[in-house]
Amino acid sequence: MTAKICMSDEQVQRTRLMVDTSVLVALASSRDSQHAKATNLLQMIEADNRFDLIYSDCILIETLTVIARRAEEQK
């Protein structure tokens, strides 16, 4: 006898993806050379129901530091 398990979309195992500083910095500035690539990549990932994006505190702090440094350099 075999049992068949039916899983709803909410029960499907999702893969966690850690978002890196370089992606967030590229998203923050439309002048960044990787802006379009980062935007398209995250849109595709978010549209796919198999993934959860992870944003760690240290990555967010590093992102803000890079953005602030670039803003200071560009005045």
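Here are some friendly notes on the predicted model shown above, going from the overall fold to single residues.

1. **Overall layout.** Let me start with the big picture. The protein chain contains three helices and two strands, and along the sequence these elements come in the order β-α-α-β-α. Of the contacts between residues at least 6 apart in sequence, 69% link residues at least 24 apart.

2. **Surface and burial.** How much of the protein chain is buried? Buried residues account for 19% of the 75 residues. The chain exposes about 6300 Å², and carbon and sulfur atoms contribute 55% of that area.

3. **The nonpolar core.** Eight residues form the largest nonpolar core: V19, V23, L24, A26, A38, L42, I45 and I59. Helices α1 (21-28) and α2 (35-47) each bring at least two residues to this core. If you are colouring the model as you read, this set is a good place to begin.

4. **Helix α1.** The buried residues of this helix are T21, V23, L24, V25 and A26. Which elements do the buried residues of α1 pack against? Their partners are α2 and α3. As background, an α-helix has 3.6 residues a turn, so residues three or four places apart point the same way.

5. **A38, a core residue.** A38 is one of the eight residues of the largest nonpolar core. Setting aside residues up to four places away in sequence, A38 touches V23, A26 and L27. Of these partners, V23 and A26 are also listed in the core.

6. **V19, in a loop.** V19 sits in the loop between β1 (15-18) and α1, yet it belongs to the largest nonpolar core. Is V19 buried or exposed? V19 counts as buried because its relative accessibility is 5%, and the cut-off for buried is under 20%. Beyond its neighbours within four places in sequence, V19 is in contact with L24, L53, I54, Y55 and I59. One of these partners, I54, is 35 residues away along the chain, with a C-alpha separation of 6.0 Å from V19.

7. **I59, in helix α3.** I59 is part of helix α3 and another member of the largest nonpolar core. With a relative accessible area of 11%, I59 is buried. Leaving out residues up to four places away in sequence, I59 touches V19, D20, T21 and L24. The C-alpha atoms of I59 and M18 are 9.3 Å apart, although 41 residues separate the two along the chain.

8. **D32, a buried acid.** This one may catch your eye when you assign charges. D32 lies in the loop between α1 and α2, and it counts as buried because its relative accessibility is 17%. What lies 2.7 Å from a polar atom of the D32 side chain? That place is taken by the backbone nitrogen of Q34. Apart from neighbours within four places in sequence, D32 is in contact with V25, A26 and R70.

9. **The largest pocket.** The largest pocket holds about 170 Å³ of space. Its lining is made up of V25, A28, S29, R31, D32, S33, I67, R70, A71 and Q74. The elements supplying two or more of these residues are α1 and α3 (57-74). Which element gives the most to the lining? That is α3, with four residues. D32 from the previous point appears in this lining, as do its contact partners V25 and R70.

10. **D52, in strand β2.** D52 belongs to strand β2 (residues 51-54). Its relative accessibility is 29%, so D52 counts as partly exposed. Not counting residues up to four places away in sequence, D52 touches R14, T15, R16 and L17. With R14 there is a polar contact of 2.6 Å between the two side chains. D52 and T15 are 37 residues apart in sequence, and their C-alpha atoms are 6.1 Å apart.

11. **Two acids side by side.** To close, it is worth setting these two aspartates next to each other. D32 is buried at 17% relative accessibility, whereas D52 is partly exposed at 29%. The polar atom 2.7 Å from the D32 side chain is a backbone nitrogen, that of Q34, while the 2.6 Å polar contact of D52 is made with the side chain of R14.

Technical notes: Residues are numbered from 1 along each chain as its sequence is written. This is a predicted model: local features need pLDDT of at least 70, side-chain atom pairs count only at pLDDT 80 or more; totals for chains, interfaces and linings use all residues. Side-chain values use heavy atoms; hydrogens and water are left out. A nonpolar core is a set of buried Ala, Val, Leu, Ile, Met, Phe, Trp, Tyr and Cys residues joined through side-chain atoms within 4.5 Å. Buried means under 20% relative accessible area, exposed over 50%, partly exposed in between (1.4 Å probe, protein chains only). Contact means heavy atoms within 4.5 Å. Accessible areas come from the Shrake-Rupley method with a 1.4 Å probe; for residues, only the protein chains shown count as cover. A polar contact is a pair of N or O atoms within 3.5 Å; within protein, one must be able to donate a hydrogen and the other to accept it, and residues adjacent in sequence count only if both atoms are side-chain atoms. On a 1 Å grid over the protein atoms alone, a cavity is a set of points where a 1.4 Å probe fits but cannot get out, and a pocket is an open set with protein on both sides within 12 Å along at least five of seven lines; lining residues have an atom within 4 Å of a point. Grid points are joined across faces, edges and corners, and a volume is the space filled by probe spheres set on the points.
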